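Me: I should like a close look at a single part of this predicted model. Please treat the surroundings of one residue first, and then continue outward from there.

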Amino acid sequence: MKNIYIILACFCLAVTGGCKKALIEEPHSTLTPDFFSTAQGFQKGLDAAYAGTRSFWGNQNLFTMTVIGTDEFYTGKDGNNNINKYNSNYNTENGTVSAIWKDCYVNINTCNGVIDNAVKVTGVADDLKNRIVAEARFLRANYYFILVQFWGDVTLNKNFQSTPTTSASRQPLAEVYDFIVQDLKDVLAEPTLFAGPKSSGALPGQANKAAAMHLLAKVYLTRAGSSAKKADDYTNAYTSAMQVINTSGATLLPDFASVYAEGNENSNEVLWTVQHTSNLAYNGPNNSGGADNVLNHMWVPQYELRPGMKRDVFYGRPYIRCVPTAWLTNEAFAERVNDTRYAKTFQTVWLCNNAASIPKWENPLPPGAPANAVVGQPKFALGDTAIFMPGYDVSDAKIAASRYLLIPPRKYDNTLSPYMKKYNDTKRADLNYPSIRPVIVYRLAETHLIAAEAAFMGGAAASEAVNHINIIRRRGAFPNPNPSVMDVASIPSLDFILDERSRELCGENVRWWDLVRTGKLIDRVKTKNYNPEAGANIMDFHVLRPIPQDQIDATTTGPKYPQNPGWF
């Protein structure tokens, strides 16, 4: 394997991910593999493994590979022009794909270093040592799960590599899945590991059994939709999800809007987060990669060029990487009377923050102008509505007569459309800064949706699938005193479950995986034409990512490293 994939780069900055209250980060420049077997190095190794999670959850790379090019989002004005569109520029040399591959293996090797060296470590209590190993196994399972979902058969490094190697092979998908499942079973069997995120002594972002059981349920569900499927996968997915629901102590928040409220990332609904830091030595401004949480930038549209508006911290820096598809805003979220999640997921109103660019009424006044409109006078004032997206069609005449910029769905474009606001960060010191908000990775609402899908696919009674879907839908009706208006009597298809996952989990770094797991990527993107941009180019082989060319070229000893079908 190429040296970069197995070197201890992750140890050159042995940092704390989510397992230290103050997120104290201490750089080291002369660390060696032997350091793992010392008491200090053992703990620092776990810290480095946690820090590695910030290269995925919050980073632009995982966002690009899971959010865009699906039925939910297509390319914004400043989005990339290859992987989103499945065009000829998306190839084996794609930098985003290569970065995810490399980061997975670097962090897996760090986890292996912690796990393999535990027996050599002295001066650490056995209980603490066992818990550290369990946490490293949890993290390793996450990294391998990323790999198999994107690439299928992958290299399975079970042990720590302290020297470079130029040979590598791909192990069958079934073998890698078995390894992930065993890691998680070992995690769940460890008595010293915290039972849940709210257990006494557990810190935000720390591995816990509830998060591990949720992940195990998701692994079973995903394997069930793959060539490595086992007969009891759907049953095991349902059983594991129910164990989280019944024993974790986690509860759904009453109001969907609270789930992603700033400062509420460690609520009772959340099972696991990836922590980020305000230390600019590690999370600096003007950086779209590394350990930065830039999810606060990704969806922000080009609002600042509209009358009465300018960039500010509250509305965010417009990276305009993606915009919602018409299917997402107009069809998936079509119900807005009883289901409140559309308004709680998307921003559709911007208030004037720039007096210098407030427009004035022209002469002659447009037909239908407000009664108090005066030629030459400002249409609105600071703090008034400057942009409004009503979510339904209005005539061109009404648009012309409006005080503010009125944008119906037919006027949405790749610069300005409803803004997916779950990752807003209005507390930053500068609008260019990345976010320091923790990123929610696993939450109980998804556990219910896993249970619903597993039951629908035969893992439990069909009535259980309906029950768990309705639990999520009723929460979407808040504050309606009669939430049962959201109930469905049956689930007509797997597509209905995917629609519900969009309404609940839109933009949460899971969609591409959802569509591949269910065999619906090509169907929904191309056949149903939910994303015409991606549908124009997507082909059957795009359900797997290309093995990075760097990996293939660096495998110089032994058989050539195999590429996924369709890629060259």
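Is glutamine 347 buried or exposed, and what surrounds it?

Reply: Glutamine 347 counts as buried, because its relative accessibility is 10% and the cut-off for burial is under 20%. Its place in this predicted model is in strand 4, which covers residues 346–347. The side chain of glutamine 347 makes a polar contact with the backbone oxygen of valine 349, at 3.2 Å. When its neighbours within four places in sequence are left aside, glutamine 347 is in contact with Tyr315, Pro418, Tyr419, Lys421 and Asn424.

Two of these names lead further. The first is valine 349, whose bridge partner is phenylalanine 388 in strand 6. Strand 5 (349–351) and strand 6 (residues 385–388) run antiparallel and are joined by three bridges. Both belong to an open sheet of three strands in the order 5-6-7, with mixed pairing. Strand 5 and strand 7 (405–406) are the edge strands of this sheet, each pairing on one side only.

The second is Tyr419, a contact of glutamine 347 that is also touched by tryptophan 299. Apart from residues up to four places away in sequence, tryptophan 299 touches Phe63, Val67, Phe73, Cys322, Met420, Tyr423 and Gly507 as well. In the largest nonpolar core, which has 152 residues, Trp299 is among those with the most contacts, together with Phe138 and Trp151. Helix 5 (residues 126–151) gives the largest share of this core, 15 residues. In soluble globular proteins, nonpolar side chains tend to be buried together.

Helix 5 also leads to a pocket. The second largest pocket has a volume of about 360 Å³. It is lined by 23 residues, of which Leu173, Ser226, Val516, Val543 and Leu544 are the closest to its centre. Helix 5, helix 6 (173–189), helix 17 (511–517) and helix 18 (521–527) each give two or more residues to this lining. The largest share, four residues, comes from helix 17.

A further polar residue may be set beside glutamine 347. Asparagine 109, found in helix 4 (residues 95–117), is likewise buried, since its relative accessible area is 2%. The side chain of asparagine 109 reaches the backbone nitrogen of glutamine 161 at 2.9 Å. For glutamine 347, the corresponding polar contact is with a backbone oxygen, that of valine 349.

Technical notes. Residues numbered from 1 in each chain as written. Predicted model: local features only at pLDDT ≥ 70, side-chain atom pairs only at ≥ 80, totals over all residues. Heavy atoms only, no water. Core = buried A, V, L, I, M, F, W, Y, C linked by side-chain atoms within 4.5 Å. Buried < 20%, exposed > 50% of the residue type's maximum accessible area, 1.4 Å probe, protein only. Contact = heavy atoms within 4.5 Å. Polar contact = N/O pair within 3.5 Å; in protein donor to acceptor, adjacent residues only side chain to side chain. Pairing = 2+ DSSP bridges. 1 Å grid on protein atoms, 1.4 Å probe; cavity = no way out; pocket = protein on both sides within 12 Å on 5 of 7 lines; lining within 4 Å. Points joined across faces, edges and corners; volume = space filled by probe spheres on them.
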